[in-house]
Amino acid sequence: MNDNQFYQFITEAVPANLNIHKYLMVTRNKLREHKRIAVSYSGGSDSDIMLDMIELVNPPRWMR
């Protein structure tokens, strides 16, 4: 998702909670800052949610 789509998603689809917005922005910036990121995955529901969130906010490769 490009930056415009991301900001539209944050404003329209994410609950108006500053902590949620903050962590989505931090995650996106970390993904943009680093070429490779390791994520621990246990197979539980929290891991599924975390991987889904990371994939959702992951900027396109050309934006990194």
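Trainee: Which residue meets the side chain of Arg28 in a salt bridge?

Mentor: Let's start there, and keep in mind that this is a predicted model. Side chains of opposite charge can pair when their charged atoms come close. Here the distance from N to O is 2.8 Å, and a salt bridge needs the two atoms within 4 Å. The partner of Arg28 is Asp3.

Trainee: How many residues apart are Arg28 and Asp3 in the chain?

Mentor: The salt bridge between Arg28 and Asp3 links distant parts of the chain. Arg28 sits in helix α2, while Asp3 belongs to helix α1, which covers residues 3-12. Along the sequence, the two are 25 residues apart.

Trainee: Is Arg28 buried or exposed?

Mentor: Good thing to check! A residue counts as buried when its relative accessible area is under 20%. The value for Arg28 is 2%, so Arg28 is buried.

Trainee: And what is Asp3 counted as, at 23% relative accessibility?

Mentor: The class between buried and exposed starts at 20% and ends at 50%. Asp3 has 23% relative accessibility, so its class is partly exposed.

Trainee: With which other residue does Asp3 form a salt bridge, the closest N and O atoms being 2.7 Å apart?

Mentor: This second partner lies in helix α2, whereas Asp3 lies in helix α1, so the pair ties together parts that are 29 residues apart in sequence. At 26% relative accessibility, the partner counts as partly exposed. With its closest N and O atoms 2.7 Å from those of Asp3, the residue is Arg32.

Trainee: How many salt bridges does the structure hold?

Mentor: You have now met one between Arg28 and Asp3, and one between Asp3 and Arg32. Asp3, Arg28 and Arg32 are linked in a network. The count for the structure is two.

Trainee: Let's move to another residue of helix α2. Why does Leu24 count as buried?

Mentor: Leu24 has its place in helix α2, residues 18-33. To be buried, a residue must have under 20% relative accessible area. Leu24 meets that cut-off because its relative accessibility is 6%.

Trainee: How far apart in space are Leu24 and Val57, C-alpha to C-alpha?

Mentor: In sequence these two are 33 residues apart. Even so, Leu24 touches Val57, along with Phe6, Phe9, Ile10, Val14 and Met53, when residues up to four places away in sequence are not counted. From C-alpha to C-alpha, Leu24 and Val57 are 6.9 Å apart.

Trainee: Which residues gather in a patch of negative charge on the surface?

Mentor: Try one member as a test case. Asp46 lies in helix α3, residues 45-57, and at 62% relative accessibility it counts as exposed. The full patch is Asp46, Asp48, Asp52 and Glu55.

Trainee: Now the whole chain: in what order do its elements run from the N terminus on?

Mentor: Begin with what the protein chain contains: three helices and zero strands. Its C-alpha atoms fill a box of roughly 30 × 30 × 15 Å along the principal axes. From the N terminus on, the order is α-α-α.

Trainee: How far apart do the centres of the positive and negative sets lie?

Mentor: The protein chain has 8 positive side chains and 7 negative ones. Each set has its own centre, and the distance between the two centres is 11 Å.

Technical notes. Residues numbered from 1 in each chain as written. Predicted model: local features only at pLDDT ≥ 70, side-chain atom pairs only at ≥ 80, totals over all residues. Heavy atoms only, no water. Helix = DSSP H or I, 4+ residues; strand = E, 2+ residues; numbered from the N terminus. Buried < 20%, exposed > 50% of the residue type's maximum accessible area, 1.4 Å probe, protein only. Contact = heavy atoms within 4.5 Å. Lys, Arg positive; Asp, Glu negative; His and termini not counted. Charge placed at Lys NZ, Arg CZ, Asp CG, Glu CD. Patch = residues over 30% accessible without salt bridge, like charges linked within 9 Å, V, L, I, M, F, W, Y side chains within 5 Å. Areas by Shrake-Rupley, 256 points an atom, 1.4 Å probe, with all protein chains shown as cover.
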